[in-house]
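Me: I'd like to go through a few helices with you and ask what stands behind the words we use for them. Could you show me the model?

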Amino acid sequence: MEEVISQLRHLLATVLLAGFSYAVVIPTIVDVTTDALCLGHQDQCPLVFYLTGFQDAIIGFGAMIMTPWIGSLSDKYGRKNLLTLPILLSAIPIAILAFGRSKSFFYAYYVVRTFTAALTGGTLSSLALAYAADKVLVDQRLSAFGIVSAVFSGSYLCGNLAARFLSIDSIFQVAVCASLFTIAYVRIFLEESVSNKMDLLSRPILKTEEDCDGADNVPRLPPSTAKTIPSFKEITSLLGRSSTFSRTLAVCFFNSIALGWTQASILYYFKARFLSNKDQFASLLILIGAFGAISQSIVASSLSAVIGDKNLLSVALFATFINLLILSIAWSFWVVYASSTLFLLAWCVMPAACSIASKQVEAEEQGKAQGCIFGIQSFAYAISPLVFNPLTALFLSKNAPFQFPGFTLLCLGFFTLVAFVLSLTIKENPSISSEQDP
């Protein structure tokens, strides 16, 4: 593990800084949104669920298209430049709230964030995992993915811990400064991980092979690299190549139906159900981040060595189902705190799925593979709020067909149960990815 950390140290620092800048605003965004939209009626405010659901759907559909595309571009043009893009764009809407949080500023933030997140949602995670796959051997990838995911969780822990003590006025300023510092760090310290692509970085992405003739003295490249932006058919060509890969994507889709709603809207549900505040949200997210860091740095690699990636995926999905089942019947916020211990296993889903998928493709297709996973995830993130946010608003209102405020969480639990059943059908084929040193 020490060898993996040494190879990925600058990537891990980038992930830590970028994740911090994102996580530090999460507990406060809920309060800012409800204050702007609910006018004091935070326990009966369906507008919050409708607007956030619409935003999450737009972001999900945009990310579904952009994430595999950007991942495939990174296979040809390198990870470093494309990693800068999501960090830069995510800072723009936060900067708006740093200037003001009135209703007009909130709607400006809402529109800009919808646009920027639709372009880059999911790309930071997929590019970070592709970068890790470039730098380590095949048999080290589960550990590498677990470490990267653990640092993401650790950055969320640090961000939420800072939010617990920072004032609302300073939170958004700190987030913007952290994003700018991250961009500078990437440009100065992060090395390019894709070999033989450095000459492409000085060439416009849209330039074709024919444009390289004549006055341009850039050396001619093989047809596999000197080409235009990858087509949708090229990106999705992996789906029919391996049943293990396609079934892993199906598992990610059904799990992400539940994950997408919980990441985007569950804090608003807690706000309406238990009248929770920023400090309670921060404390909960600190716990989840701590469990996530332990899970992905220690539990995932340890269990994988004993039971394998496939069985680890199944165990993690079943833990996710139990967690959602408990949350659906939670009667107090302390139950939510208690159920968060299941994240010790639930956080292992994505490292296990990404490791299984990574072993089914060639070394030069890692960006495309991780992009497909996060693209499918983004598609699920788009569908989930369209269906479940109105359902949540209905069961939290006085017009609910029956008294069960957590009915949405119960429905989402059954989607993770479907993912669990599908995971049992996955066959771990021998790795076809190159095992040469990066």
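Reply: Happy to! The expected span of a helix is 1.5 Å times one less than its number of residues. This is a predicted model, and helix H12 (residues 278–328) is a good place to apply that rule: as a straight helix its 51 residues would span 75 Å, but the end C-alpha atoms of H12 span only 22 Å.

Me: What makes H12 depart from a straight helix, and where is the kink centred?

Reply: H12 has a kink of about 115°, centred on Ile307. The bend is the angle between axes fitted to the seven residues ending at a residue and the seven starting there.

Me: Why is H11 called roughly antiparallel to H12?

Reply: The axes of helix H11 (residues 243–274) and H12 cross at roughly 165° and come within 10 Å. Angles over 145 degrees count as roughly antiparallel, so H11 is roughly antiparallel to H12. Their crossing is right-handed.

Me: Which residues of H11 and H12 meet?

Reply: From H11 come Val251, Asn255, Ala258, Thr262, Ile266, Leu267, Phe270 and Lys271; their partners in H12 include Phe281, Leu284, Leu313, Leu317 and Leu327. The residues of this contact divide into twelve nonpolar, three polar and one charged.

Me: How do you know that H2 and H7 are roughly antiparallel?

Reply: By the angle again. The axes of helix H2 (residues 9–23) and helix H7 (residues 123–135) cross at roughly 165° and come within 11 Å. With the cut-off at over 145 degrees, H2 and H7 are therefore roughly antiparallel to each other. H2 passes H7 in a left-handed crossing.

Me: What makes up the contact of H2 with H7, in nonpolar, polar and charged residues?

Reply: Leu11, Val15 and Ala18 in H2 meet Leu124, Ala128, Tyr131 and Ala132 in H7. The contact divides into seven nonpolar, no polar and no charged residues.

Me: And how do H2 and H8 cross?

Reply: The axes of H2 and helix H8 (residues 141–165) come within 7 Å and cross at roughly 35°, with a right-handed crossing. Among the H2 residues in this contact are Leu12, Leu16, Gly19 and Phe20, while H8 brings residues including Val148, Val151, Ser155 and Gly159. The contact holds 14 nonpolar, five polar and no charged residues.

Notes: Residues are numbered from 1 along each chain as its sequence is written. This is a predicted model: local features need pLDDT of at least 70, side-chain atom pairs count only at pLDDT 80 or more; totals for chains, interfaces and linings use all residues. Side-chain values use heavy atoms; hydrogens and water are left out. Helices (H or I, at least four residues) and strands (E, at least two) are DSSP runs, numbered from the N terminus. Axes are lines fitted to C-alpha atoms, for helices over the stretch in contact, and angles run from 0 to 180 degrees between N-to-C directions. Angles under 35 degrees count as roughly parallel, over 145 as roughly antiparallel, 65 to 115 as roughly perpendicular and the rest as oblique. A crossing is left-handed if the near helix is turned anticlockwise from the far one by less than a right angle, and right-handed if clockwise. Contact means heavy atoms within 4.5 Å. Ala, Val, Leu, Ile, Met, Phe, Trp, Tyr, Cys and Pro count as nonpolar, Asp, Glu, Lys and Arg as charged, and the others, Gly among them, as polar.
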